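Let's walk through this structure together, starting from its interior and working towards the finer details of the backbone. Keep the viewer open as you read.

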Amino acid sequence: MASTSTSRSESESRLTHVGSEVNSTHSHTVKFSPRETFEIEETAAYPTIHPGPKQWRKRLRRAFWLDHPRVRRIWLYIRGPRPKVELPDPTPFLSLTFYAGGKTRSIALEPAWIRLTRWFTNPWLFVVLAVGYIIGFAFFARAQSFLTPADSFIGCTATYWAANDGCGLDGDDCGPFGNASFDFRCPAQCSQVVLQNPRTVGDEQVDFVPLIVGGGDEQGTYRGDTFICAAAVQAGLISDSKGGCATLQLTGNFTNFLPFTANGLSSIGFPTIFPVSFRFLSTTSLHNCSDYRNEALAFNALITALLFLVLRPKPIVLYWCLVCIGFWHVSLFSQPQASPPPLDVAFQQFLPALFVAYAFWRLAFRFTLPAFRKAPIEATVWYLAPYWVGVLTNITTDKIPIDRLVASDITARPGGLTALIIIIVILLVIVINQVRVIRKTGWLPWYLGWYIAGGLVTLVLSQLPGLELRIHHYILAMVLMPGTGFPTRLSAIYQGFLLGMFLNGVAAFGFDSILQTPADLRRDAPLGSDLPSFVTNSTNYNASIPFLNQSIFWNALPDGEAWDGFALLVDDVERYVGTALNYSLSALDPTLIHFFRLAFTSEGSAGDFTKAATLYPNGTWVDPLPGPS
């Protein structure tokens, strides 16, 4: 079998980082000086602590049962070899020499490729092409986001109506309700942006789908709280994969929004009146509306492949190319923080991201990436495939029913707990394998010490009052990256994925805090506040009384609470705020279904609303289900 070099420069060897010296014959004999190293070395069969009296060493041995033969064997196994050793560089799969039937067989694809492309490894060629890439990427980003008026961009969750009482009494805060048009541009992949908490429409609750109400009538009329971009995709005006531009017309009051299904999206119905509705026009005045994220992905993936296969700069240069390309691809194309991308925010996150990336290089990449210098084809496969999977985490993990590592999210979504268990099992298998690799080098106690210290700090943080621990995926990448700094193929795969995942998290969401308040995590979920109750119910509602003379009633404010009034939603619109205990139905249309939801208020702010009570035109009253809406 063809041999590969296992020697390392001083900058690539862990043993020399703490003041050790490697002799000229590259043997594994390592000399340590107490003044130059922070490691705990052992000169006897038992672990010793130096300096210190012998009696303290004996006490420590007794305290940890290290005098017991079995415990001693376990400790020596965990400790690994002494002196510490370096793992050899992996032998390239495509550069093997083996013997079969008395003959020598060779597979030398990697050396052949290196010889074929050696003319392209000139540093000056790399500099010229790098400048060309930056200019080309800038024009690409300009075509993506900066040729359409900035005020025409809307997000995937843009609507004309806020949930519950968000539009104020009679919806006045969300006007105008009609006689207005709007030219807009939507990003790509809006069909994948869904409600993360249940949203009540009439007496129906929807979640984990885009909110689309109506659109099934001949004119394609949607309710005002519909996600505009998802509705435009359903109506066939824009492409989900390319985004696009369209124009809508506000049409004011509309009754009986009909459900329908088209282009992979389904809407729900709403059988009564709502003050805001809109329809799409067949033409728009906007241009340059296509979303080029797929083209940008192909372009950047090709560039990174050329870097690994053809240009082959020094490992540290190659690494920084990956950092910059991934960060700006997320910031400008795949998952910008807003539309158009806010460049000031992107640069604000870029500098600290570079500091963390430097730590990644020092702790992990410099031990693994140079090991594949003689195997560029392998390096391309092991690094780039998982790297782009990590950079596109928003797409590659879209089907996993976990949005955030928060208990409320995991339990609320069907399949969330099962998915979490599967992820933990996979992660556990990976960690066990890496522990096995680390033990072979003798560095396991050092890594265990740091990870145990970090775990204890995290435990303390999780106990701080009024705050909840939130492990963002960029934090997960930072935690796991140090354990991958070994010259193995699996370490290369882990490094590629973790680097991509870190860049995705930071570029798309910034350096969010590891500790957040319950309000930060709640989004638009129920507050968990007290719920009022209706006096009117299915047994005491008198349908024989003319509708114009009917009123509905609810119970008084509870004693000893901070509530000072009530808010009533009628057909999902706030129609009453005050201290009264009844509401007249005289202003409602008796031929339509009506929905009523009630909440306590305190200093003008509403708590949770009840689920909907329903009144049918035939006089049938259906009591609300228990729980908040």
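**From the core outwards**

The largest nonpolar core has 54 residues, and those with the most contacts inside it are Y319, Y387, L499 and F502. Two or more residues of this core come from each of helix 4, helix 6 (293-311), helix 7, helix 8, helix 9 (376-391), helix 14 (473-480) and helix 15 (489-509). The largest share belongs to helix 7, which gives 11 residues. Please keep in mind as you look around that this is a predicted model.

Y319 is a good residue to stay with for a moment. A search of the whole structure finds 43 aromatic pairs, and Y319 takes part in one of them, with F365 as its partner. How are the two rings arranged, stacked, edge-to-face or tilted? Their centres are 4.6 Å apart and their planes meet at 45°, so the pair is tilted. An angle of that kind is neither under 30 degrees, as stacking would need, nor over 60, as an edge-to-face pair would need. The pair also links distant parts of the chain, because Y319 belongs to helix 7 and F365 to helix 8, with their positions 46 residues apart in the numbering.

Are these two partners buried or exposed? Y319 has a relative accessibility of 0%, so it counts as buried. F365 likewise has a relative accessible area of 0% and is therefore buried. The cut-off that matters here is 20%, since buried means a value under it.

Aromatic residues also gather elsewhere. W161, F177, F254, F257, F270, F274 and F595 form one aromatic cluster. Two of these rings have a charged neighbour: the charged end of R223 sits over the ring of F270, 4.4 Å from its centre. The charged end of R223 sits over the ring of F274 too, here at 4.2 Å from the centre. If you select R223 together with F270 and F274, you can view both arrangements at once.

Next come the empty spaces. How many cavities of 30 Å³ or more does a search of the whole structure find? The search finds 3. The largest has a volume of about 100 Å³. Its lining is made of 15 residues, and Q144, S145, P187, D291 and S339 lie nearest its centre. Helix 4 (123-145), strand 5 (178-186) and helix 7 (315-334) each supply at least two residues of this lining. By residue type, the lining of the largest cavity divides into 9 nonpolar, 3 polar and 3 charged.

The second largest cavity holds about 60 Å³ of space. Its lining consists of S331, L332, P336, Q337, P341, P342, L343, V345, A346 and A507. Helix 7 and helix 8 (343-368) each supply at least two of these residues, and helix 8 gives the largest share, 3 residues. Here 8 lining residues are nonpolar, 2 are polar and none is charged.

V345, one of the residues lining the second largest cavity, leads us to a glycine. G510 and V345 are 165 residues apart in sequence, and their C-alpha atoms are 8.7 Å apart in space. G510 is found in the loop between helix 15 and strand 16 (515-516). With a relative accessible area of 3%, G510 is buried.

Finally, a few details of the backbone. The peptide bond from R82 to P83 is cis, with omega near 0°, and P83 has its place in the loop between helix 2 (69-79) and strand 3 (95-100). Another cis bond, again with omega near 0°, runs from G175 to P176. P176 is found in the loop between helix 4 and strand 5.

Two residues have a positive phi although they are not glycines: N256, at about 70°, and R523, at about 55°. Where does N256 lie? N256 is found in strand 10 (residues 254-257), whereas R523 is in the loop between helix 16 (518-522) and strand 17 (551-553). N256 has a relative accessible area of 36%, so it is partly exposed. R523 counts as partly exposed as well, at 36% relative accessibility.

Definitions and conventions:
Residues numbered from 1 in each chain as written. Predicted model: local features only at pLDDT ≥ 70, side-chain atom pairs only at ≥ 80, totals over all residues. Heavy atoms only, no water. 1 Å grid on protein atoms, 1.4 Å probe; cavity = no way out; pocket = protein on both sides within 12 Å on 5 of 7 lines; lining within 4 Å. Points joined across faces, edges and corners; volume = space filled by probe spheres on them. Helix = DSSP H or I, 4+ residues; strand = E, 2+ residues; numbered from the N terminus. Nonpolar A, V, L, I, M, F, W, Y, C, P; charged D, E, K, R; others polar. Phe/Tyr/Trp six-rings, centres within 6.5 Å; stacked < 30°, edge-to-face > 60°. Buried < 20%, exposed > 50% of the residue type's maximum accessible area, 1.4 Å probe, protein only. Lys NZ or Arg CZ within 6 Å of the ring centre and 35° of its normal. Core = buried A, V, L, I, M, F, W, Y, C linked by side-chain atoms within 4.5 Å.
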